[in-house]
There are 4 protein chains.
Amino acid sequence: MDDDSPQGRWERRTQASLALGSVLFLAAYAVLVLAHGLPSVWRDGCVAVMLAAWGMFAVDYGVRWRLSGEGFRFVRGHWLDTVVLALPLLRPLRVVKLYEAVLRRHGGPRLALYARVIVYAGLSVLLLGFAGALAIYQLEHAAPGATIRTFGDSVWWTCSTLATVGYGDVTPVTFWGRTIAVGLMGCGLALLGAVTGSFSSWLLQVLAREGDERPPGS
Amino acid sequence: MDDDSPQGRWERRTQASLALGSVLFLAAYAVLVLAHGLPSVWRDGCVAVMLAAWGMFAVDYGVRWRLSGEGFRFVRGHWLDTVVLALPLLRPLRVVKLYEAVLRRHGGPRLALYARVIVYAGLSVLLLGFAGALAIYQLEHAAPGATIRTFGDSVWWTCSTLATVGYGDVTPVTFWGRTIAVGLMGCGLALLGAVTGSFSSWLLQVLAREGDERPPGS
Amino acid sequence: MDDDSPQGRWERRTQASLALGSVLFLAAYAVLVLAHGLPSVWRDGCVAVMLAAWGMFAVDYGVRWRLSGEGFRFVRGHWLDTVVLALPLLRPLRVVKLYEAVLRRHGGPRLALYARVIVYAGLSVLLLGFAGALAIYQLEHAAPGATIRTFGDSVWWTCSTLATVGYGDVTPVTFWGRTIAVGLMGCGLALLGAVTGSFSSWLLQVLAREGDERPPGS
Amino acid sequence: MDDDSPQGRWERRTQASLALGSVLFLAAYAVLVLAHGLPSVWRDGCVAVMLAAWGMFAVDYGVRWRLSGEGFRFVRGHWLDTVVLALPLLRPLRVVKLYEAVLRRHGGPRLALYARVIVYAGLSVLLLGFAGALAIYQLEHAAPGATIRTFGDSVWWTCSTLATVGYGDVTPVTFWGRTIAVGLMGCGLALLGAVTGSFSSWLLQVLAREGDERPPGS
């Protein structure tokens, strides 16, 4: 980050705009999906914002690829950016990078390993879940025989799915809804497994330390 | 605990009353929720008990903050107390502290690490689950289209949720019911993960030791 | 086991009869629950077998307590036997001990740690699941509004519960059915967690070893 | 693999044909199950392909048993091949071996341990899930009272089962469908547990390394 290479300078300069872009992308998508009675001009505005954010990421990706001079190896080394480029729903995952940058800038105490995992994976799950709930709502709420009719249902379904509880009181019924649901299960469960595992390890560590700190004469 | 600082003395003196207060709080809430035909005066009594317990915790929190002389750092360092102060439903978690104190007073053999995790996390899950079942029952049993109609349904729902089984034969349908349900999933699953993981590790350890103890000639 | 103390000799002598007793207990319970048109005399025979097996365990427990000369500490040290004594449904768990004894007698190669965990916990889950399915069937199949109507439904429900999948197409509806279901979740999930965890560790170990064995020049 | 023993040479020679055979077996089964209006001659062709593939594996198994000169120990040492021989649905698991062979032939960089587990277990889950979805569809779609009516339903059911979410909106109702479902839960969950556990470990490792690489002055 502190290096003076062209890539380093490019990343420092574009950082804030890209983070803003990812937040705007998600916000525009949320408005587009959730605001039903929106006048046509607003809807077009939202689409424009989304396209602009998308274009921004594409340009950033292209410039960084060019600067790296790595060819195909760049695609493999930056798979998260590649995924984000291809699937706009996952774009908010870039926010994780911003969060890390903010933490660094403040020069706060370095996070412990478990805290890092919980922050990274937890934030990813949160963003992924929100984007997933939006997408499921958009695809399902007007389908014939749908049980997910409101955005509240969609969020409830997402939470019960990510916790692997799966009540089944509301479930996606369309092909694309189910496809996104399977993707959400795949990504979400792996990430949540990391969060739960880290939390358990952290709890074990805290309790082990507390046991050691107890004075022997007590 | 054995130190003679003002904080140490304060904690030793208030310990028993706070534990009693947390049990009373939960009991009063349970009576308030479960006893339908209760005369008005009793209901007011329950509310008074809950408010008194709440006030007790607030005073205790304030005094300890004052004595610590730490300012904002106290809030971060005692996050459990802060959470308990804000959300009365979680108050019973303080009982875990009492249990620990009782264990210490009896000077019994120090618990092994896995036993500590199982006791702490298991008891938290139990109390959290009971409070959650009460809250869900209160919010759901009179809602239109509700499937959770009795307290038994609510306990059954809580158990199947905490085990991540999630049958879906009874599910919360109101906004606040679902909000509490999501909170219960989040806390409960992380804690239960700790319990299950500790149990597995303990089983592995026991079986490994048993294997070593077996005489070579057998 | 090879010691010549009274306890050791008692255990060696009663071992086979107790194992037979536990199998008979489960078999008699299965016949009692599953065979509907059984003549009254057979049913009484089944009950007699169950009572006899129960009595055998009670006598064994009493004699071992006496021989140990430990008083209350015996109850804590042999908690599995105590649980088995109180809850006849869990009696088959004693079979695990027999299995271990058979393995030892054959002097076969000592099982690896993960294999031991998988055998112990897996067998416990199997027996617990079978006993649980029987109990759920007995309690539910005639209840008003029941969805578990055949023993096949009960086994299917048990499997989907132990795997934490929980479809909810069939679920217990009676108070005691749900109580046993919660017990099954508690015990079964902890044990299954141990099995799954051991399997993962074993897979990791096998693949790590395989990776090392690969000749460097390949 | 590089040894010049008869077994080594046999394996090198038959490798490609066996892999092709396993793919053909799965493809023929998929066509047989999914293509309803297929003329009789095509169906017979599919069955012939399946039988031929089966025969190929049987011959391969027999020859390798003969060459090993190990008798019964061969069955225990090659349990995967034995399982595959008995249960044609699991045959595609052999593809995992091919994948490994292709990786080796290309002499690419050796996969890290976690990547190996994820590739092996993940591919197994994928193939097992596809075969399971086919079998469930074949057994269920014409059963009275069935909820799994299309192949899409079957795939959706398989995904929600393997993730232990288990919505229960579609579930198998026939005896054999439920039997296969239980097998799928057993195998799938253990393998998925390995994938999730490895992913968590890998994430922890990546984040731990990233934390170390950060320059101290940043």
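Reader: Where in chain C does Thr174(C) lie?

Author: The model is predicted, so that local features need pLDDT of at least 70, side-chain atom pairs count only at pLDDT 80 or more, and totals for chains, interfaces and linings use all residues, while side-chain values use heavy atoms and leave out hydrogens and water. Residues are numbered from 1 along each chain as its sequence is written, and chains are lettered from A and ligands numbered from 1 in the order in which they are written. With helices (H or I, at least four residues) and strands (E, at least two) taken as DSSP runs numbered from the N terminus, Thr174(C) lies in the loop between helix 7 and helix 8 (175-213) of chain C.

Reader: Which residue is joined to the side chain of Thr174(C) by a polar contact?

Author: Thr174(C) is buried at 19% relative accessibility, where buried means under 20% relative accessible area, exposed over 50% and partly exposed in between, with a 1.4 Å probe and protein chains only. Leaving aside residues up to four places away in sequence, Thr174(C) touches Leu139(C), Glu140(C) and Ala143(C), contact meaning heavy atoms within 4.5 Å. A polar contact is a pair of N or O atoms within 3.5 Å, in which, within protein, one must be able to donate a hydrogen and the other to accept it, and residues adjacent in sequence count only if both atoms are side-chain atoms. Such a contact, at 2.7 Å, links the side chain of Thr174(C) to that of Glu140(C).

Reader: Is Arg178(A) buried or exposed?

Author: Arg178(A) belongs to helix 8 (residues 175-213) of chain A. Not counting residues up to four places away in sequence, Arg178(A) touches Pro172(A) and Val173(A), as well as Gly152(D), Asp153(D), Trp156(D) and Asp169(D). Its relative accessibility is 14%, so Arg178(A) counts as buried.

Reader: What kind of aromatic pair do Tyr61(B) and Trp65(B) form?

Author: Over all chains the structure holds 24 aromatic pairs, in which rings of Phe, Tyr and Trp (its six-membered ring) have centres within 6.5 Å, planes under 30 degrees apart counting as stacked, over 60 as edge-to-face and the rest as tilted. Tyr61(B) and Trp65(B) are four residues apart, about one turn, in helix 2 (residues 40-68) of chain B; Tyr61(B) is buried at 7% relative accessibility, whereas Trp65(B) is partly exposed at 32%. Their ring centres are 5.9 Å apart and their planes stand at 75 degrees, so the pair is edge-to-face.

Reader: How many residues apart in sequence are the parts tied together by Tyr137(C) and Phe151(C)?

Author: Tyr137(C) and Phe151(C) form an edge-to-face pair, with 5.9 Å from centre to centre and 75 degrees between the planes. Tyr137(C) lies in helix 6 (residues 113-140) and Phe151(C) in helix 7 (residues 151-162) of chain C, so the parts that the pair ties together are apart in sequence by 14 residues.

Reader: How much area do domain 1 and domain 2 of chain A bury between them?

Author: The bounds, which come from an automatic or database domain assignment, give chain A domain 1 (1-89) and domain 2 (111-218). The contact takes seven residues from domain 1 and ten residues from domain 2. Buried area is the accessible area (1.4 Å probe) that two parts lose on being put together, summed over both; here 80% of it is on carbon and sulfur atoms, and the area is about 780 Å².
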